[in-house]
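Trainee: Could we walk through this structure together, one feature at a time? I will ask, and you can reason it out with me.

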Amino acid sequence: TNLSNFLSTLICRAPRDCTKSYSAASDHVYLNNNNNNNSNSVTAMLHLLIAAGVLMVAGYAVSQLLTENPPRLAGVYSQPGRWYHLKFWAFVMILSLRKWKSKNTAAREGMAPGIGVKSKSSSAEMEQVQQLQDHPKAIDAVYFNGSNRDGVYLVAATARRPNKVTQTILYLRLPDVGLLEHPSMPDTSMQRVEDREFAAGGLQLQMVQPMKVWKLSFSGKMRAVDQANKLVQVDFTLMWSACTPCYDFDTDMEPWAVADAMAREPWSQEFFNNLQDMHQTHYEQFGTYEGTVSVEGYQDREILIKGLRDHSYGKYRDWRLFHRYGFHILHLEDGTCLNASIVSMPATTSRLALGYVMHPDGSKSSLSSMQWDMSTCGEDGVQPNNFAFDFTAGGKKYHLECRVIRAPIFYIGFGWTARIYEGLAEFTVNGVPGWGIAEWDYRNHGGLPEEFGLETSE
């Protein structure tokens, strides 16, 4: 009985075990076939994707080769043309990579400043009077402007150049006095006494605390333009105190506006050499001015105004290289401060939009685009009294309107190669009123006009 049961069990198990073994082998073969089929499908798909990519690249290349670059607007301003999108994204990557590398001190060594890389390692180094570089047109310049709703405007600037030449600007507008200007203007060429100072012609601009406090002082004669150009004694001491963080154009600019400007231009070795050679560090900051102003024949007055100060330095500045620019620097009633500007320097960028918005909460947004055709606004060499344009910063669209109240003109550059309108202006941005400066530069070919009785010299 036991043997019979054992044999019966063995006989009954054998088919089931064999069936299982056969089934497992069949599954193994099926899975292998499936894996091979899947692998073949993936390979085929990759081949299709590569072929599609090659066709797209080839199609783009052919389309670009068949595309003619559009003519420059007004013979100056480049438009998006052949290879624009490729160059745009290439420059976005270049700028992003330089910004990333500049955060690493070791990687930053040997990198030229600008396009994502800071010029100095500390604020104190940036703020000090700079050692002029070995170039006949080396530059180290500071600029201040301020204004308020009552119609008070101030512009004060000094640009240190070699051989103790200091190009100096000074305007002061008081509603009951009118416009006062330095008696040397519209010529700006003066001499400084001490080499390492921002001072000339009675004007002195001194850093007190880096990125926080500056002192502005003046003592001397100024021309009362609205009073038959008579000379009056003017004295003032003003303290400028920062109310926003610094905006460093070397590192704070977003890539979009810069990439657009670069992608419009024809690229060559000379183009990139010019970008590096002509670079200047430039940073800005808004603040408030408080102090006493004394004008001969009037009672002393305390003034409170708000505005920008900037600092620029680099290998050289040649005003002949600018075709024109429009700087719009202003503060709004709600506490917003902004710069919305455009520069045309055909040797590098014929249309570079730049700027930012400083929000009342202390945050800042970089300008990413500007909708403004320079060729149809002021291209005749005259700043219009009223104009408007749109720009985008931080993903928000802005509509700026400007009304120029007064626009005195000065000449600057070796040989007076630039003619600049220093527009004292009222603004409206998205319906919010504001005050500030609309400074427009034009290339000047004739030297200083004869009516000023000065000979031109290069």
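Mentor: Gladly! Keep in mind that this is a predicted model. Let us start with proline 186, which sits in the loop between E4 and E5.

Trainee: Which residue does a cis peptide bond join to proline 186?

Mentor: Most peptide bonds are trans. Here, in the loop between E4 and E5, omega is about 20° at the bond leading into proline 186, a cis peptide bond. The residue on the other side of that bond is methionine 185.

Trainee: How far apart are the C-alpha atoms of proline 449 and proline 186?

Mentor: Proline 449 belongs to the segment after strand E21 (432–443), while proline 186 is in the E4–E5 loop. Proline 449 has 18% relative accessibility, so it counts as buried. The two prolines are 263 residues apart along the chain, yet their C-alpha atoms are separated by 9.7 Å.

Trainee: Is histidine 182 buried or exposed?

Mentor: Histidine 182 is also in the loop between strand E4 (178–181) and strand E5 (189–191). Leaving out residues up to four places away in sequence, histidine 182 touches Leu170, Met190, Gly201, Phe218, Met222 and Arg223. The cut-off for buried is under 20% relative accessible area. Because its relative accessibility is 6%, histidine 182 counts as buried.

Trainee: Let us turn to backbone angles. What is the phi of methionine 211?

Mentor: Most residues other than glycine have a negative phi. Methionine 211, in the loop between strand E7 (203–209) and strand E8 (213–224), counts as buried because its relative accessibility is 12%. Although methionine 211 is not a glycine, its phi is positive, about 60°.

Trainee: And how does tryptophan 83 count, buried or partly exposed?

Mentor: Tryptophan 83 is in the loop between helix H1 (2–65) and H2. Its phi is near 65°, a positive value in a residue other than glycine. At 27% relative accessibility, tryptophan 83 counts as partly exposed.

Trainee: That loop leads to H2. Over what arc around the axis do the buried residues of H2 lie?

Mentor: An α-helix has 3.6 residues a turn, so residues three or four places apart point the same way. In H2 the buried residues are Tyr84, Lys87, Phe88, Phe91, Val92, Leu95, Arg98 and Ser102. They lie on the same side of H2, because the arc they cover is only 140°.

Trainee: Which exposed residues does the face of H2 turned away from its buried side carry?

Mentor: H2 has 19 residues and reaches 27 Å from its first C-alpha to its last, close to the 27 Å expected. The face turned away from the buried side of H2 carries the exposed residues His85, Met93 and Trp100.

Trainee: How many residues of helix H5 are buried?

Mentor: The cover over the buried residues of H5 includes helix H2 (84–102), helix H6 (269–277), strand E15 (349–358) and strand E16 (364–371). Among the buried residues are Pro255, Asp260 and Arg264. H5 is largely enclosed by the rest of the structure, because its buried residues number nine of the 10.

Trainee: E15 is part of that cover. Which residue in E15 is the bridge partner of leucine 338?

Mentor: Strand E14 (residues 337–345) pairs with E15 in the antiparallel sense over eight bridges. The two form a hairpin with three residues between them. E15 is largely enclosed by the rest of the structure, because 10 of its 10 residues are buried. The bridge partner of leucine 338 in E15 is valine 357.

Trainee: Which residue in E16 stands opposite methionine 358?

Mentor: E15 and E16 pair in the antiparallel sense over three bridges. Their hairpin has five residues between the strands, and glycine 362 in the turn has a positive phi of about 95°. Opposite methionine 358 stands lysine 364.

Trainee: Finally, empty space. What is the volume of the largest cavity?

Mentor: Searching the whole structure gives one cavity of 30 Å³ or more. Residues lining the largest cavity include Met278, Gln280, Tyr316 and Met345. The volume of the largest cavity is about 40 Å³.

Trainee: And how much space lies in the second largest pocket?

Mentor: Its lining has 20 residues, of which Pro113, Gln133, Tyr313, Gly314 and Lys315 lie nearest the centre of the second largest pocket. H6, strand E11 (280–295) and strand E12 (301–314) each supply at least two lining residues. The space in the second largest pocket is about 310 Å³.

Technical notes: Residues numbered from 1 in each chain as written. Predicted model: local features only at pLDDT ≥ 70, side-chain atom pairs only at ≥ 80, totals over all residues. Heavy atoms only, no water. Helix = DSSP H or I, 4+ residues; strand = E, 2+ residues; numbered from the N terminus. Buried < 20%, exposed > 50% of the residue type's maximum accessible area, 1.4 Å probe, protein only. Contact = heavy atoms within 4.5 Å. Pairing = 2+ DSSP bridges. Expected span 1.5 Å × (residues − 1). Arc of directions from axis to C-beta. 1 Å grid on protein atoms, 1.4 Å probe; cavity = no way out; pocket = protein on both sides within 12 Å on 5 of 7 lines; lining within 4 Å. Points joined across faces, edges and corners; volume = space filled by probe spheres on them.
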